[in-house]
Each structure stands twice: as C-alpha cells, then as structure tokens.
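Welcome, and thanks for taking a look at this one. Please open the structure in your viewer and keep it at hand while you read.

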Amino acid sequence: MDQLIDTNLRTGALPTPRFDAAAPWQAATGAGERTASVLFTGPRAIGAELARAGRARVIDQVAPARVAAHLRNMTLPDIVWLFDAETIEEASFADICDAVAAMECGLVCETSLGALDRVAALVPETIRTEWLVDPDPADRIVALASASCALGHVVHDAARDETMERIDRLQDEVARISRLLGDLAGQRALPGTPTAYAPPGESGVDGMGQVRSPIRDFSSAPRSFEPEERTIQRLRAKAVRRMLRQRRMREQYFPADLFADPAWDMLLDLYAARLERQPVSVSSLCIAAAVPATTALRWIKTMTDAGLFLREADPHDGRRIFIGLAESAHDAMGRYFEALEE
C-alpha cells in the first residue's frame, strides 16, 4: 500500500471521478475551449442535438418541478433551458425564476405564441432570457450562442455559419436605427452608436470629407393646444397604420423576406399604438414584426437593451406585460413624421 501511494505521488496521478452526468451528451471540443453547461428540461434528443453541434454540455435533464432544488443543491449550470415553458405550473415556474436569479444563471424559454404573454410576465426583467417560439434547430443554436455570449463564455464554433451572420446583421441594423433616431432627435446618438457616425459639425463636412445635409432641430417647434394636438395624433396614427398596411401589401407581389425590416415595423406599430393610447402585448408586437416569432423576440430584446423599448406591467393583470416606446424613441419618431409632413 505504501509503495502504491508513493508511486501515485511521484507521477502526480489522481483518481478520475467515475460519475459524469454529461458524458453521453457532451461533444468534443478543442483544447482551451469551453462550452456552456446547460440544465435541460426537454427531450434528450434536443439536448443531444445541441451537444453534437459542439455548443452545449448538458449536465443533467430533470423535470421542471426539480429544477429549483437542483440549482440550489447540485452542480450550478450556466444556462437553464425550459422546454414547453407554458406547461410548467405557475408556482414551479416562479420557484425556478427565483433560483435562476439567485444563482445568476442564464435562461432559455421555449413556448408557444399563444402562451407567450403569460409566460413572459412570469420572468423577471433582471434574468438574462432568450425566448424561442416554435423553434427549429437553427433557432436553438442561435439562442444558445447568444446566452453563452452574455455569460462571457467562448462557445465552440467550427465555422462561421449562417446563424452567426444573422446575429451580426441584427446588431448592425439596431446600430443603424439608433443612429437614425439620434439624428432625428437632434441629440447625441443612442448607446451603442459608433463614433464614426456622429453628426457632422457646423461646416457640414464629416471626418471623411463627405458633405452631409445639416440636421434640423424641431425641438423649438410650437405645440398646439390639447384638443388640436389630439386631433393631430389621431390623424398621424391613421397615417402610420396606412404605412404599415402598405408594407404588408408588398408581400402580395414580392417574397416577404425580401423587404424584412422587423425593427422598423415594430417601431411603427408601437408609435401608432401610443398615439391611439392602446397597450401592445409581446405577442401582438411579434405579429406586427412580420417575421417568425423567435426572430421578433430577439429583436425586442435587442431594442430593449438599446434603450428604444420598455417593458411595462399591465396595471390590471399582473400576469401580462406590455412593450412600449422609450421617451427618446417616441420623440424621435414624432420628429421623423413632422419632417415627412413638411
């Protein structure tokens, strides 16, 4: 026995743990790379699919009722993945959210469009959440990559595929809209805007030697009396709704994805709803975006992070939330339509 202990000490060999719940699910990764560990509540086939893509290490599969206890008493995962979240009892769901928030895990929720408003209202805003509605395998990989990036993990990526290009295009589009709204508001660009696109100086010549039109500031425009102002709001709301209908009519003559612009469609819908003094639910905004619900939810999250959208609780029903325009975005949209009307 002494001789055996001495041999182990000289070789530095340590006993290898025999228990590894993730072993059947884990895909091989390169040296120095780390995949996100996931606590999964869905079918094993989906977890295995994510693992084969080299993007997840599923440490366990448990029933929803056991998720909160697992988080508090066992190995802590990076991400908790809830499959068919609408089927989880409300008490268990609230317990899961409390545990996820306490352990500072990420959360991925799969649900149906019909149950989206109810489920979204149960998730606190402080939890980093990726939403999936009737997702396909590519949607799941994108959600996992986004959740992993938020945690600061390097996710294995053998090649730059189409889904990652979609994320880049989404971020570029949000930056473009932020610059547009910042310019229209006559103020500094919204957070996340590259400095190279700052408004030009008084000379009208930017740093690259290109002449640009001066930005007009409508902040000094006189305001009408309240009755007339309300009339203007109603007329403008009709104009915005007409613009949205015209955008949908294009889909009768051209492929819908040829002109896909969910960020602008959602801005128009929220602006019209505010003029009409009507709340907008999450599911309604997804429909207005005219893209798959999972894509729309990703845009809503990005626009909220950019400070353009706000989550608003339903004062009459704590089980629902609404999405509204931030004041800066509302003012910028107003100035945009004022400029169009000139």
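What follows is a short tour of the cavities, one strand and a few single residues in this predicted model.

**The cavities**

How many cavities of 30 Å³ or more are there? The count comes to 2. The table sets them side by side.

| Cavity | Volume | Lining by class |
|---|---|---|
| Largest | about 60 Å³ | 6 nonpolar, no polar and 6 charged residues |
| Second largest | about 40 Å³ | 2 nonpolar, 1 polar and 3 charged residues |

The lining of the largest cavity includes the arginines Arg247, Arg248 and Arg250, together with Glu251, Asp261 and Asp265. Also in this lining are Phe259 and Val291, along with Ala256, Ala260, Ala289 and Ala290. By class, then, this lining holds 6 nonpolar and 6 charged residues, with no polar ones.

Around the second largest cavity you will find Thr129, Glu130, Trp131, Leu297, Arg298 and Lys301. Which elements each supply at least two residues of this lining? They are strand E5 (129-133) and helix H11 (293-305).

**Strand E5 and its partner**

Strand E5 deserves a closer look, since it helps to line that second cavity. Why can E5 be called largely enclosed by the rest of the structure? Buried here stands for under 20% relative accessible area, and 5 of the 5 residues of E5 are buried, so the strand is largely enclosed.

In a regular strand, side chains alternate between the two faces of the sheet. In E5, Thr129, Trp131 and Val133 point one way, while Glu130 and Leu132 point the other way. All of these residues are buried, whichever way they point.

E5 pairs with strand E4 (residues 106-111) in the parallel sense, over 5 bridges. At one of these positions, Leu107 has Thr129 of E5 as its bridge partner. Between E4 and E5 the chain passes through helix H5 (residues 116-122), and this β-α-β crossover is right-handed. Thr129 thus turns up again: as well as being the bridge partner of Leu107, Thr129 belongs to the lining of the second largest cavity.

Just beyond the strand, Asp136 sits in the loop between E5 and helix H6 (137-150). Is Asp136 buried or partly exposed? With 37% relative accessibility, Asp136 counts as partly exposed. The C-alpha atom of Asp136 is 9.6 Å from that of Thr294, although the two residues are 158 residues apart along the chain.

**A buried arginine**

Arg236 is part of helix H8 (residues 226-249). Its relative accessibility is 10%, and because buried means under 20%, Arg236 counts as buried. Leaving out residues up to four places away in sequence, Arg236 touches Tyr271, Leu275, Gly334, Phe337, Glu338 and Glu341. Two of the names in that contact list are glutamates, Glu338 and Glu341.

**Two residues with positive phi**

Most residues other than glycine have a negative phi. Glu104 has a positive phi of about 55°, although it is not a glycine. Glu104 lies in the loop between helix H4 (90-103) and E4, and with a relative accessible area of 62% Glu104 is exposed.

Where is Arg277 found? Its place is the loop between helix H9 (262-276) and helix H10 (282-288). Phi of Arg277 is near 60°, again a positive value in a residue other than glycine. At 55% relative accessibility, Arg277 counts as exposed.

Note on methods. Residues numbered from 1 in each chain as written. Predicted model: local features only at pLDDT ≥ 70, side-chain atom pairs only at ≥ 80, totals over all residues. Heavy atoms only, no water. 1 Å grid on protein atoms, 1.4 Å probe; cavity = no way out; pocket = protein on both sides within 12 Å on 5 of 7 lines; lining within 4 Å. Points joined across faces, edges and corners; volume = space filled by probe spheres on them. Nonpolar A, V, L, I, M, F, W, Y, C, P; charged D, E, K, R; others polar. Helix = DSSP H or I, 4+ residues; strand = E, 2+ residues; numbered from the N terminus. Buried < 20%, exposed > 50% of the residue type's maximum accessible area, 1.4 Å probe, protein only. Pairing = 2+ DSSP bridges. Right-handed = clockwise from strand over helix to strand, strands pointing away. Contact = heavy atoms within 4.5 Å.
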